[in-house]
Amino acid sequence: MRGGFFLSKEIKLIALDLDGTLVKYGEDLISKENLMAIKSAQDAGVEVVIATGRSRTTSLKLGQQLGVRYMINVNGGEIWTTEGELLHRHPLDRETVKQIIKIQSQYSVYSWFVSADQIIRNELPVDYLDKEWLKFGFNVEDDHVRNEMIRLFSQMDSVELSNSSLTNMELNPKGVHKASAIEHLLDKLALSFDQVMAVGDSINDLKMIEAAGIGVAMGNAQDTVKEVADWETVSYDVNGVAVAIEKFVLGSN
């Protein structure tokens, strides 16, 4: 926990991870408490932004339910408006894709591949090098295999390596992460990171939590995330997002 004089900061933008932060992993049900807190922040003039590893198609329902204007998807690989306008996209280059698949082919692990137009699981099409890939993900239950894959991917200087759970790894182009996407939006909105509160639970949230004026780790967050956060809220299943918003934005506690 890094700490700091963050209570005096005026928050103008809240960046929220989804899985394990706002909602249960893989689900789309927002609690009444979280929804009310977010709506109250929006009514107070605060921009609320989704910042997720999910694609646009798997996060749009939540974005519309929250009434947000902007969604950061695939760990910063894309920025969309909820109205369907693509503001930013950063795909993996062809040589990097080749290197990733060469490593992946050595192991029998659950994989998912996110392109600009679809999500493919486990088996790539023959013409995969002709597609525009945004993120590759691998879930590996075996600790030895996972650590070996992490070691090999870490040696690549063209990828951003993160995770969204303790058993997976996610690969984006180097320099592409949630913090870089938030910076893109901040330029558009004439705001600064000092005016941002970022809330998350996994390594793919780490850089936005580090960059934000107030970085909040969920009670269920990975230890590495808690170490860099300014403050730790309670778990997602007891409305940790609402607790953080009430404390730092609404001044309720």
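**Lys39 and the salt bridges of a predicted model**

User: In which element of this predicted model is the place of Lys39?

Analyst: The model is predicted. Residues 32–43 form a helix, and Lys39 has its place there. The element asked for is helix α1.

User: Is Lys39 buried, partly exposed or exposed?

Analyst: The relative accessible area of Lys39 is 31%. Buried would require under 20% and exposed over 50%. Lys39 is therefore partly exposed.

User: Which residues is Lys39 in contact with, leaving aside its neighbours within four places in sequence?

Analyst: A contact requires heavy atoms within 4.5 Å. With neighbours within four places in sequence left aside, the residues in contact with Lys39 are Gln65, Leu66 and Gly67.

User: What separates the C-alpha atoms of Lys39 and Val68?

Analyst: Along the chain, Lys39 and Val68 are 29 residues apart. Between their C-alpha atoms the separation is 9.8 Å.

User: How many salt bridges does the structure hold?

Analyst: Side chains of opposite charge can pair when their charged atoms come close. The cut-off applied here is a nitrogen to oxygen distance within 4 Å. The number of salt bridges in the structure is 14.

User: How many residues apart are Glu132 and Arg89?

Analyst: The side chains of Glu132 and Arg89 meet in a salt bridge at 3.7 Å, N to O. Glu132 sits in the loop between β7 (119–121) and β8 (133–139), while Arg89 belongs to strand β5 (residues 86–89). Glu132 is partly exposed at 37%, and Arg89 is partly exposed at 27%. This pair links distant parts of the chain, the two residues being apart by 43 residues.

User: Why are Asp143 and Arg146 separated by about one helical turn?

Analyst: A salt bridge joins the side chains of Asp143 and Arg146 at 2.4 Å, N to O. Asp143 is partly exposed at 47% relative accessibility, whereas Arg146 is buried at 9%. The separation is about one helical turn because both residues lie in helix α4 (residues 143–154), three residues apart.

User: Which residue is linked with Lys178 and Asp205 in a network of salt bridges?

Analyst: Asp205 and Lys178 form a salt bridge, with their closest N and O atoms 2.5 Å apart. Asp205 is in the loop between β11 (196–200) and α6 (206–211) and Lys178 is in helix α5 (residues 178–189), so the pair ties together parts 27 residues apart in sequence. Asp205 counts as buried at 0% relative accessibility, and Lys178 counts as buried at 1%. The residue linked with them in the network is Asp17.

How values were computed
Residues are numbered from 1 along each chain as its sequence is written. This is a predicted model: local features need pLDDT of at least 70, side-chain atom pairs count only at pLDDT 80 or more; totals for chains, interfaces and linings use all residues. Side-chain values use heavy atoms; hydrogens and water are left out. Helices (H or I, at least four residues) and strands (E, at least two) are DSSP runs, numbered from the N terminus. Buried means under 20% relative accessible area, exposed over 50%, partly exposed in between (1.4 Å probe, protein chains only).
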